[in-house]
Amino acid sequence: EEITEGTDRAHEEEGTASNTIARSQNQIDRGPNEEPTTGTKQTVTWKQFDNRLTDHGELENIFRVFTSGDVCNELYRRRSKDAQAPRTEIATDGSCLENGGENAVAGAGGYVAENSNLNFGIRLPNHLMQSNQTGELVAVSEAAAKVPRENQMDVISDSEHVIAEATTYRVSHEDTGYIGKANKETIQLMVENLRRRDQKTRFRWVKGHKGHHKNEKADQLAG
């Protein structure tokens, strides 16, 4: 399904895995001090996070019997999406010094705009795997927790792995319980934070270290 920015019509249907937006190149990657270039068009693919709870196993898999602990009789209810809800675009990135080494130190960063209170840069706690990939996962998880839940969220990331974990592979991993999956707790927390959001979340991949303004800022915050 295609949406062209700058027109009066923008129809998005819930459950669509990806949307394609045609917009001018200067609107996509232009920094605050760069002049627009006319006549250049680029097709941008967005991949949408599907917050539905799914199970492709047997019917019995949806039932769980607990013999201890607190009782909760609440049912899972999907929230209605508002196409007119405010939209926040945030770039996320991970970094790691001495990636793969014994003394590796990883970080995560997110950037919305200059002086925005939604910007963040954090060091990963020691109990997490210290790697660039973990930093990328934590960055998206933190963004999902920080951006107001009532806003639609557009995530710009240079990590194809993270986008795939949130979209392409989510259902199959949940069906198999993330068995044998590295970083499974971090991935599960990311998915949980995304699923808590009231409005839609979309992902767009950009090539890292190629001058994309927000991506470069997120990289700096990740350290």
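# Close-up views of a predicted model

**View 1. Phe-203 and the crowd around it.** Skip anything up to four places away in sequence, and Phe-203 still touches Thr-45, Trp-46, Lys-47, Phe-49, Val-140, Val-155, Ile-163, Ala-166, Thr-167 and Leu-194. Keep in mind that this is a predicted model. Phe-203 is also among the best-connected members of the largest nonpolar core: along with Ile-90, Val-140, Met-153, Met-190 and Leu-194, Phe-203 touches the most other members of that 21-residue set. Two or more residues of this core come from each of H2, S7, H3 and H5. In soluble globular proteins, nonpolar side chains tend to be buried together. Elsewhere there is a second, separate core of 7 residues, and Cys-96, Ala-104, Ala-106 and Ala-108 are among them.

**View 2. The whole chain, for orientation.** Zoom out for a moment and the chain comes to 6 helices and 8 strands. Read from the N terminus, the order is β-β-α-β-β-β-β-α-β-α-α-α-β-α. The chain has 223 residues, and 40% of them count as buried. Take the contacts with a separation of 6 or more: 67% of them are between residues 24 or more positions apart. As for the surface, about 13300 Å² is exposed, with carbon and sulfur atoms supplying 46% of that area.

**View 3. Helix H5 and what its buried side packs on.** H5 covers residues 184-195. It has 12 residues and reaches 16 Å from first C-alpha to last, close to the 16 Å expected at 1.5 Å a residue. Which residues of H5 are buried? They are Thr-186, Ile-187, Met-190, Val-191, Asn-193, Leu-194 and Arg-195. These buried residues pack against H2, S7, H3, H4 and S8. Two of them, Met-190 and Leu-194, turn up again in the list of residues that touch the most other members of the largest nonpolar core.

**View 4. Arg-202 and Asp-154, a buried charged pair.** Arg-202 and Asp-154 form a salt bridge, with their closest N and O atoms 2.9 Å apart. The pair links distant parts of the chain, as Arg-202 sits in strand S8 and Asp-154 in strand S7, 48 residues apart. Both Arg-202 and Asp-154 are buried. Side chains of opposite charge can pair when their charged atoms come close. The search of the whole structure turns up 9 salt bridges.

**View 5. Asp-198 and Arg-149, a bridge from loop to loop.** Here the side chains of Asp-198 and Arg-149 meet in a salt bridge at 3.5 Å, N to O. The partners lie in distant parts of the chain, 49 residues apart: Asp-198 belongs to the loop between H5 and S8, while Arg-149 belongs to the loop between H2 and S7. Is Arg-149 buried or partly exposed? Arg-149 is partly exposed, at 37% relative accessible area.

**View 6. Glu-174 and Arg-170, a bridge inside one helix.** The side chains of Glu-174 and Arg-170 meet at 2.7 Å, N to O, in a salt bridge. Why is this pairing within reach along H4? Glu-174 and Arg-170 are 4 residues apart in helix H4 (residues 170-176), so about one helical turn separates them. An α-helix has 3.6 residues a turn, so residues three or four places apart point the same way. As for cover, Glu-174 counts as partly exposed at 25% relative accessibility, whereas Arg-170 counts as buried at 1%. Turning to another group, salt bridges that share partners join Arg-87, Asp-154 and Arg-202 into one network.

**View 7. Thr-88 and its polar link to Asn-151.** Thr-88 has its place in strand S4 (residues 87-97), and counts as buried at 9% relative accessibility. The side chains of Thr-88 and Asn-151 are joined by a polar contact of 3.0 Å. Leaving aside neighbours within four places in sequence, Thr-88 is in contact with Val-112, Leu-118, Val-147, Asn-151, Gln-152, Met-153 and Asp-154.

**View 8. Trp-205 on strand S8.** Trp-205 is found in strand S8 and is partly exposed, with a relative accessible area of 39%. Its side chain reaches the backbone oxygen of Asp-158 at 3.2 Å. Beyond neighbours within four places in sequence, Trp-205 is in contact with Ser-157, Asp-158, Ser-159, Glu-160 and Ile-163. Trp-205 and Lys-47 are 158 residues apart along the chain, with 8.9 Å between their C-alpha atoms. Lys-47 also appears in View 1, among the residues that Phe-203 touches.

Technical notes:
Residues are numbered from 1 along each chain as its sequence is written. This is a predicted model: local features need pLDDT of at least 70, side-chain atom pairs count only at pLDDT 80 or more; totals for chains, interfaces and linings use all residues. Side-chain values use heavy atoms; hydrogens and water are left out. Buried means under 20% relative accessible area, exposed over 50%, partly exposed in between (1.4 Å probe, protein chains only). Contact means heavy atoms within 4.5 Å. Accessible areas come from the Shrake-Rupley method with a 1.4 Å probe; for residues, only the protein chains shown count as cover. A salt bridge is a side-chain nitrogen of Lys or Arg within 4 Å of a carboxyl oxygen of Asp or Glu. The expected span of a helix is 1.5 Å times one less than its number of residues. A nonpolar core is a set of buried Ala, Val, Leu, Ile, Met, Phe, Trp, Tyr and Cys residues joined through side-chain atoms within 4.5 Å. A polar contact is a pair of N or O atoms within 3.5 Å; within protein, one must be able to donate a hydrogen and the other to accept it, and residues adjacent in sequence count only if both atoms are side-chain atoms.
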